[in-house]
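Please open the model in your viewer and keep the selection tool at hand. The tour goes from the interior to the surface, then to the aromatic rings, and ends in a loop.

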Amino acid sequence: MAIKKKIPNLVTFLNLLCGLLAILLISMNPNGSTFLISSILIFLAAITDFLDGHLARRWQAETLVGKELDSLADITSFGFAPILIAFHLYLSNFGWFGFIVVFIYVLSGAYRLACYNVKKFYGVYQGLPITVGGMGVTIINLIVYRLLKSETILTYHYPFCLILILLIAYFMNSKIKMKKIW
């Protein structure tokens, strides 16, 4: 029975592993195949993020350590990984402003996770969860990558992507309430 209670944290480590692999791949060789593989790893991280919490609640294995581990995995998989892909794909075209967007997104995600860890949760999120934000940035990245491959993206598309990322960062710390759906 004791092993069963450790499984949620092991699943959280899989989330973290997916995020780290995505970061390493894109850092080592930012090209088409690594953009896709890194994006797939972020989607796998989202699945493990859902599973770890579900298993912890189901098996009554929720712990403060598990909550902290989950946040560390989430900032890696849904904070750093998707924005690093975005930086290599299009944010680097903005020079220092691209760096500022990266900082704003990561700091917004980290602050959102820190606030979530110290508040009581009653089935309603305040602000956009970082998992949803990271998935949103990943979807934007995949669209940009697809448009780049087909050579239909134009330079005026990049500011639109940048604005979407800043909106996601804003909504992560907004006062908007969202009911937990899973």
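What follows is a series of selections in a predicted model, each with a note on what is there.

**The nonpolar core**

Begin with I83, Y90, L91, Y105 and I165, which are the residues with the most contacts inside the largest nonpolar core, a set of 38 residues. Next, colour the elements that give two or more residues to this core, namely helix 1 (2-28), helix 2 (32-58), helix 3 (64-89), helix 4 (96-118), helix 5 (130-149) and helix 6 (157-172). Which helix gives the most to this core? That is helix 3, with eight residues.

Now centre the view on L91 and show its surroundings: leaving aside the neighbours within four places in sequence, L91 is in contact with I83, A86, G98, V101, V102, L162 and I165.

**A patch on the surface**

Move outwards and select L14, L17, L21, L24 and M28, which form a nonpolar patch on the surface and together have about 500 Å² of accessible area. To look at one of them in detail, pick L21, which has its place in helix 1 and is partly exposed, because its relative accessible area of 37% falls between the limits of 20% and 50%.

**Aromatic rings**

A pair of aromatic rings is described by the distance of the centres and the angle of the planes. How many aromatic pairs are there in this model? The count comes to six.

Select Y90 and Y158, which form a stacked pair with 6.1 Å from centre to centre and 10 degrees between the planes. Y90 lies in the loop between helix 3 and helix 4, whereas Y158 lies in helix 6, so the pair ties together parts that are 68 residues apart in sequence. Both Y90 and Y158 are buried.

Turn then to Y116 and Y125, a tilted pair with 6.1 Å from centre to centre and 40 degrees between the planes. Y116 is partly exposed, with a relative accessible area of 27%, while Y125 counts as buried because its relative accessibility is 16%, under the limit of 20%. As a further selection, show F87, W96 and F99, which form one aromatic cluster.

**A last stop in a loop**

Finally, go to Q60 in the loop between helix 2 and helix 3, and check the backbone there. Most residues other than glycine have a negative phi. Q60, although not a glycine, has a positive phi of about 50 degrees, and Q60 is exposed, with a relative accessible area of 64%.

Definitions and conventions
Residues are numbered from 1 along each chain as its sequence is written. This is a predicted model: local features need pLDDT of at least 70, side-chain atom pairs count only at pLDDT 80 or more; totals for chains, interfaces and linings use all residues. Side-chain values use heavy atoms; hydrogens and water are left out. A nonpolar core is a set of buried Ala, Val, Leu, Ile, Met, Phe, Trp, Tyr and Cys residues joined through side-chain atoms within 4.5 Å. Buried means under 20% relative accessible area, exposed over 50%, partly exposed in between (1.4 Å probe, protein chains only). Helices (H or I, at least four residues) and strands (E, at least two) are DSSP runs, numbered from the N terminus. Contact means heavy atoms within 4.5 Å. Patches are made of residues with over 30% relative accessible area and no salt bridge: like charges are joined within 9 Å, nonpolar side chains (Val, Leu, Ile, Met, Phe, Trp, Tyr) within 5 Å. Accessible areas come from the Shrake-Rupley method with a 1.4 Å probe; for residues, only the protein chains shown count as cover. A salt bridge is a side-chain nitrogen of Lys or Arg within 4 Å of a carboxyl oxygen of Asp or Glu. Rings of Phe, Tyr and Trp (its six-membered ring) pair if their centres lie within 6.5 Å; planes under 30 degrees apart count as stacked, over 60 as edge-to-face and the rest as tilted.
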